[in-house]
Amino acid sequence: MAFDDNMAKDSNNGESLRRLLEYTAAYEMSTGSPMLAYVHSFGCQQNVSDGEKLMGKLAKAGFGFTDEPEKARLIILNTCAVRENAEDRVYGILGRYKKLKENDPQLVIGVCGCMAQQQCAADRIKNSFRYVDLVFGTFVTDRIYDMLWKVISGRLDNRKERVFDLSDSDTTIHEDLVQMRRDKVKAFVPIMYGCNNFCTYCIVPYVRGRERSRTPEAVIEEVKGLVASGYKEITLLGQNVNSYSYGFAGLLRKINEIDGDFWVRFMSSHPKDAGRELIDTIIDCDKICTHLHLPVQAGSDRILKAMNRRYTVNDYMKIVDYARGRDKEFSFTTDIIVGFPGESYEEFCMTKELIRKVRYDNIYSFVYSKRTGTKAAEFEDNIPDSEKGQWLRELLLEQRETSQEWLSRYVGKTLRVLADGAGKTDGTLTGKSYENIIVNFSGGEQDVGRFVDVKITCARNWALEGEIVK
Ligand code: 5AD
Ligand code: SF4
């Protein structure tokens, strides 16, 4: 197999890549099929995007891919650390892989991503999951060839090499990372990495480091390339896109000028940095979808302060009111945490009240999860889990009632929808409208991956239903 000049650029050590290539090629020669890797990404879109970059690098080293861990010779779990249950899931899955390793001692198992960046998790894997060969954090994906070859060459020499790399000193953005996108219609494009906000409940600033932005030139070049190869929806990613160093609204306007039939979404926006300029840009630019994911987290000023969110409910409502002043149907979605340490039932009820006031099209709600190392982990938390669960159910009920009524504003109208794939029943498709609302409608495979006009006939709790307009 020929390898291009990017090889040296693409790794700190081109030699490791060369060796890996020989190794995978020899395997393919003797078995007649490529050496397969299974990469499973958990959590947010940023992590999914990191997983795609990792797969791109593995493809370049001669690996093929499978969705079945049993068929893989390399398994990598790209993990999330935002809530405890995400970590518990990974430990559960790793436990099941013990059998796979017993059946095939040549299998290489790796864990990377946000959870792996935490020393306590890496230590637990080191001591309790001794068959895991490779643990690396969020800063060193670029060194995958070196790490992987160290493990594999150890095997070939009958040495058991385990690699643990949690270093966080290299914050360079590597623009030359090849990427393997599975979806051919929708693409994630990170515009910045890291977070400086230190919300007191959140582990992200500790596992992804400080904010650093890609240049507008690099982002625009990537978007142009995606549009030219037929992508219809580009989602710009960052923990807080509004603090993009080169100016987020300006970037949106430049992307909007790129020729082609495509939509742009982005997430997440921090309310402290989102203002009129952002709303105006969304409304003025026809390719930027009229929807804002604006995580509010809580509806009481005391809790927002304890969370270090740096805005009040009043500040938040000013953004909502401004957007609805310009476009009365402007779509908002949000993230909410229930049961933050010290939150009273009355304060929780203020979050329900906020939901009614804003009228979100959708909410993503979570029970507070204590994360070691964050400030809130030191706060006294005296609300029992059972009560937090009850609050979450109440919140969802509130949202269901509000959104069904609010979504009915679209009944009788025609919305432009990007058809994603098959719906729940035969002859139906599902997709998202320009406003980011899930729409289920009758249609066939030929429409998947295309923009269609759908006349809305009915509003459900989280979604709309309709018929394609011919
Ligand atoms: N517990 C519960 N939810 C959390 N989130 C972040 N950290 C925690 C935590 N410790 C939620 C926030 C954030 C979303 C991505 O995850 O709502 O916006
Ligand atoms: Fe976490 Fe807050 Fe940063 Fe979002 S803005 S990643 S919630 S610290």
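Begin by selecting E87 and R371 in this predicted model, where the two residues form a salt bridge whose closest N and O atoms are 3.0 Å apart. E87 lies in helix α4 (residues 84–103), while R371 sits in the loop between β14 (362–367) and α15 (385–407), so the pair ties together parts that are 284 residues apart in sequence. This contact is one of 30 salt bridges that the structure holds.

Next, colour the chain by its domain assignment, which gives domain 1 (2–165), domain 2 (183–289), domain 3 (292–409) and domain 4 (411–468). With domain 1 and domain 2 displayed, note that their C-alpha centres lie 29 Å apart, and that 14 residues of domain 1 are in contact with 14 residues of domain 2. Between them the two domains bury about 1,200 Å², of which 59% is on carbon and sulfur atoms. To find where domain 1 contributes to this, select Q45, Q46 and F139, the residues of that domain that lose the most area to domain 2 and that together make up 43% of what the domain 1 side buries.

How many salt bridges does the rule find across the interface of domain 1 and domain 2? The count there is one. Now select R208 and D50, whose side chains meet in a salt bridge with an N to O distance of 3.0 Å.

Keep D50 selected and turn to the cavities, of which the structure holds three of 30 Å³ or more. The second largest cavity contains about 80 Å³ of space, and 13 residues line it, those closest to its centre being D50, N78, C112, G113 and T141. Show α3 (45–60) and β4 (108–113) as well, since these are the elements that give two or more residues to the lining of the second largest cavity. The largest share of that lining, four residues, comes from α3. What is the chemical character of the lining residues, divided into nonpolar, polar and charged? Four residues of the lining are nonpolar, seven are polar and two are charged.

The last two stops concern the backbone. Most residues other than glycine have a negative phi, and most peptide bonds are trans. Against that background, select M267 and S268, because the peptide bond from M267 to S268 is cis, with omega near -5°. S268 has its place in the loop between β11 (263–267) and α11 (276–284). Finish at N158, which is found in the loop between α7 (144–156) and β6 (163–165), and where phi is near 60°, a positive value in a residue other than glycine.

How values were computed. Residues are numbered from 1 along each chain as its sequence is written. Chains are lettered from A and ligands numbered from 1 in the order in which they are written. This is a predicted model: local features need pLDDT of at least 70, side-chain atom pairs count only at pLDDT 80 or more; totals for chains, interfaces and linings use all residues. Side-chain values use heavy atoms; hydrogens and water are left out. On a 1 Å grid over the protein atoms alone, a cavity is a set of points where a 1.4 Å probe fits but cannot get out, and a pocket is an open set with protein on both sides within 12 Å along at least five of seven lines; lining residues have an atom within 4 Å of a point. Grid points are joined across faces, edges and corners, and a volume is the space filled by probe spheres set on the points. Ala, Val, Leu, Ile, Met, Phe, Trp, Tyr, Cys and Pro count as nonpolar, Asp, Glu, Lys and Arg as charged, and the others, Gly among them, as polar. Domain bounds come from an automatic or database domain assignment. Contact means heavy atoms within 4.5 Å. Buried area is the accessible area (1.4 Å probe) that two parts lose on being put together, summed over both. A salt bridge is a side-chain nitrogen of Lys or Arg within 4 Å of a carboxyl oxygen of Asp or Glu.
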